[in-house]
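User: I have a model open and want to know what stands behind the labels attached to it. Please take me through the reasoning.

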Amino acid sequence: MRPDDDRLVPFDRIGADPVLDALASELTDAGRRARSAGRETPRAAFATDLRARLLAGLPIVAPVAGPPLDRARPSLRLPEPLTPRPVAPRIAARTPMLLPAPRWTALAIAAVVLVAVVSLGPTRLLTGPAELRAGDVAAATLSRDGVTSDLAPSEALRADDLITTGPDGFATLELGTSRVRLDGGTALRLVEATTARVELDQSAGRAWHRVGGPGVSYTVHTAEVSWTADGTAFDLRLETDPSNGGAWVRGIGIEHDVAITGPNLTATLDEGAVARIRLGRQAGSVADVALRPITDADLRDPWLIDNARRDAQLGFDPGVLDGWLAEANPTPAATPDPTVGPSLPDDPVTGSPEPVVTIAPPKPTTVPTPKPTPKPTPRPTPTPKPTAKPTPALASLGLTATACPGGFTRLAWTVAPAEKFNHYQSIRSSKTSIPAVYPPVSPGVAPDPLYVADRATLGAVDAGLEPGSTVSYRTMAFSVDDVAYAASSVKTVTAKAVTALGALILTPEGAGFSAGWAPYSGPDGCFGFYKLVVSTTDLTPSYLDGASPVWVGESAATSSTIVETLDPPDTYHVRLEAFLDTPGGKILVAQTDVADIIIP
Amino acid sequence: MDHVLPRDSRMDPTRERALVARARVDAAAFGELYDFYMPRIHGFIARRVGDRAVAEDLTATTFERGLGAVRGEGFRNDAFGGWLYRVAANAVVDHVRRDRRTVPLGARAGDGGPDDGDEAGVGDERAARAFTEALDRDQLRRALLRLPENHRRIIVLKFYDDLELDELCLMLGCSRATFAVKLHRALRALRAALAKESTDAA
């Protein structure tokens, strides 16, 4: 077992062991005493100066502005109102007659921002720099500031916009590198959308959500239930139960996991899983959640397949739909080229057979649109734009992964560009899709031995794997800010058990013996040295358990040796072992059976 | 002005995320993050470097990077505190690395100074020594110092630096469950070392 293996079920309570509990308490007290010694307290002058220097380049937003993200949904407000604390005066009372230049600069910037806030309004000012616009659109409306109008292709969007599609409509919304596609009868409000964070409120219908790469926090609220993802694709559909009128939301994890939260509800929608959650529960009631693996019937859904296909064309991983794309669409050449002509409808359902999923389609009754005006023929996009790449360009690293006997993998990679380098980190995952991001996306883990701070060190060993298990690796180079700027492709290996070298043949030779064995013949790079170990008490001697080595050989091709003297008279249990020496310790690679010899 | 905040206070993660999201355009939001984390980060660094000026320099570097990150594109806004600690730890290592390139006359590497050894553990070693001075029992002091570096580092980060669980996980690059395993093993190792100290003393 490895300490960095997420599959482990840990001891999660030190208190289960009273001795450890007491030890932890003693350490806690000591830590408190040590911290209160005061030597680490920053000087007030330093703290003040640094604060002023850092904040000098930032605009000061008046507290009255408030967070625009909270206006639309009071029920989804943060636990405490996010009213930013005004910059507190750090040096009191006396205002100098003549301020130094940097403070004049800060005040000037603050004044400009204040004027901007007053004249433009906080919403416009606080909207992030991400490009927000409609993509392909048909029969959709935009509600903004109480005014509803037809949504036009490529129309610019902003926070607090409500987009509604008619029963036969559709819409693609491009939110920076993320995008969401709305099926007919869907209502979606842009609560917040910046390059770093997207927050949406889906109040009706069905939408395919594609999170644009690492670093983007993406949350969709469906009534009291929220779905949060990072570098992910998932599908959300609000449904009405015709038997009782109850409302449900169904989520499908397409790529990577999605965190689900709500009142009395914390769950994870795994990739390849389907969650169905009842909405509108009474406060304090138990969450009504059904989680199940995705089925072939789910995956046959043309809506899912076509969205995955469109994402794949944009360079995204289709996740669980990977195997279905080729099957469902053997002629990808039919995809329109967005650079040479107007875009075709983004709605993959239009013109397609009905979805196989038998759940009743959502009715637009809950859609707060005043005038759904179906438009079966989408308007051509006058100026189609090339689609932006979802992730920043990464430099390429070469990677080889060698499964060595003994349950470990030897990784070797090529050197990363020097600029930005801080460290290498290889990610291990049970899945073959490993985003170039840190912290790793579950089920990926970042084992400590695979962290390498030296740019010239181009290899590492990952030990402790379960033989027969299949694991994938991706090595990345990170900047000091933990942003990956170079990455390898994903390499997959199957862990191997310790190699059995068979019988060890012992023949008496004077006061000792000669030993012969079948030499190690495993992968290059997995062998370090042989040790021939003996014990008079341990029937299964091993160097790792303290047995005495009587011979060491460094050539894997060696198949025999002579041990000239052993203390007589005694019976010796003898075994040959092969090891690889790694920074984490010696790893047993191969071994023979134990043989006994009597030294008279 | 008092920058010594209550050690046991924790910033609500939701509020922290919201502050980080706003910090790119709102001085007050970044100011609140600064006020909360600056004493902690400074303390973390000060425990690892001996010189106050160096600690202040590295603290400034950490927050400059923090500000640059939250204002930049694509910052992963999920654990700002843990990320800051990691940047601070990297800054300490970078400092040590630079420091070793400029060995003063009369000194040389390998002289047996307290910071000889693995670069990544240099700062932690200093923090561990400071932590042991606060321990009441001599045997426990010796046991902690004889622990393998990986175990000792976890104990120092947890009990001396008082990092929050998410911060620890981000620092160590592991999940919560994995950290629980690591901590449990470290405490067991400390208990075993303590038992050995008791035996040796007898």
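**Labels and the values behind them**

Analyst: Helix H2 (residues 44-55) of chain A packs against helix H3 (residues 52-71) of chain B at an angle of about 25 degrees, and their axes are 11 Å apart. The model is a predicted one.

User: Why is H2(A) called roughly parallel to H3(B)?

Analyst: The angle between the two is about 25 degrees. Angles under 35 degrees count as roughly parallel, so that is the label for H2(A) and H3(B).

User: Which residues make the contact, and what is the hand of the crossing?

Analyst: From H2(A) come A:Phe46, A:Leu50, A:Arg53 and A:Leu54. H3(B) contributes B:Glu56, B:Thr59, B:Ala60, B:Phe63, B:Glu64 and B:Leu67. The crossing of H2(A) past H3(B) is right-handed. As for spacing along a helix, an α-helix has 3.6 residues a turn, so residues three or four places apart point the same way.

User: What makes H1(B) and H2(B) oblique to each other?

Analyst: Helix H1 (residues 13-23) and helix H2 (residues 27-46) of chain B pack at about 130 degrees, with axes 7 Å apart. Over 145 degrees would count as roughly antiparallel, and 65 to 115 as roughly perpendicular. The value for H1(B) and H2(B) fits neither range, and the pair is therefore oblique. Their crossing is left-handed. On the H1(B) side the contact is made by B:Arg15, B:Glu16, B:Leu19, B:Val20, B:Arg22 and B:Ala23. On the H2(B) side it is made by B:Ala29, B:Phe30, B:Glu32, B:Leu33 and B:Tyr37.

User: How do you know that A:Cys404 and A:Cys526 form a disulfide?

Analyst: Their sulfur atoms are 1.8 Å apart, and a pair within 2.5 Å counts as a disulfide. The structure holds 1 disulfide over all chains.

User: Which parts of chain A does the pair tie together?

Analyst: A:Cys404 lies in strand E17 (residues 399-404), and A:Cys526 in the loop between strand E27 (512-516) and strand E28 (529-535), so the bond ties together parts that are 122 residues apart in sequence.

User: Why is the disulfide called left-handed?

Analyst: The torsion about the S-S bond of A:Cys404 and A:Cys526 is about -70 degrees, and the disulfide is therefore left-handed.

User: Are these two cysteines buried or exposed?

Analyst: A:Cys404 has a relative accessible area of 0%, and A:Cys526 is likewise at 0%. Buried means under 20%, so both A:Cys404 and A:Cys526 are buried.

User: Why is B:Cys169 not counted as bonded to B:Cys174?

Analyst: The closest cysteine sulfur to that of B:Cys169 is in B:Cys174, 4.8 Å away, which is too far for a bond. The cut-off is 2.5 Å. B:Cys174 is in no disulfide. With relative accessible areas of 8% for B:Cys169 and 13% for B:Cys174, the two cysteines count as buried.

User: What makes E17 an edge strand?

Analyst: E17 belongs to an open sheet of 3 strands in chain A, in the order E17-E18-E21 and with antiparallel pairing. E17 and strand E21 (459-462) each pair on one side only, and these are the edge strands. From one strand to the next, the twist averages 20 degrees.

User: How do you know that E17(A) pairs with E18(A)?

Analyst: Pairing needs at least two bridges. E17(A) is joined to strand E18 (residues 408-413) by 6 bridges, and the two run antiparallel. A:Ala403, for instance, has A:Thr409 in E18(A) as its bridge partner. In general, strands of a sheet pair through backbone hydrogen bonds.

User: Which residues of H7(B) are buried?

Analyst: In helix H7 (residues 149-160) of chain B they are B:His151, B:Arg152, B:Ile154, B:Ile155, B:Val156, B:Leu157, B:Phe159 and B:Tyr160. After H7(B) comes B:Asp162, with a positive phi near 60 degrees.

User: How many helices and strands does each chain have?

Analyst: Chain A has 7 helices and 33 strands, while chain B has 9 helices and 0 strands. Of the 600 residues in chain A, 49% are buried; of the 202 in chain B, 56% are.

User: What share of the contacts in chain A join residues at least 24 apart?

Analyst: The share is 60%, taken among contacts between residues at least 6 apart in sequence. For chain B, residues 24 or more positions apart account for 65% of the contacts with a separation of 6 or more.

Technical notes:
Residues numbered from 1 in each chain as written. Chains lettered and ligands numbered in written order. Predicted model: local features only at pLDDT ≥ 70, side-chain atom pairs only at ≥ 80, totals over all residues. Heavy atoms only, no water. Helix = DSSP H or I, 4+ residues; strand = E, 2+ residues; numbered from the N terminus. Buried < 20%, exposed > 50% of the residue type's maximum accessible area, 1.4 Å probe, protein only. Axes fitted to C-alpha atoms, helices over the stretch in contact; angles between N-to-C directions. Left-handed = near helix turned anticlockwise from the far one by under 90°. Contact = heavy atoms within 4.5 Å.
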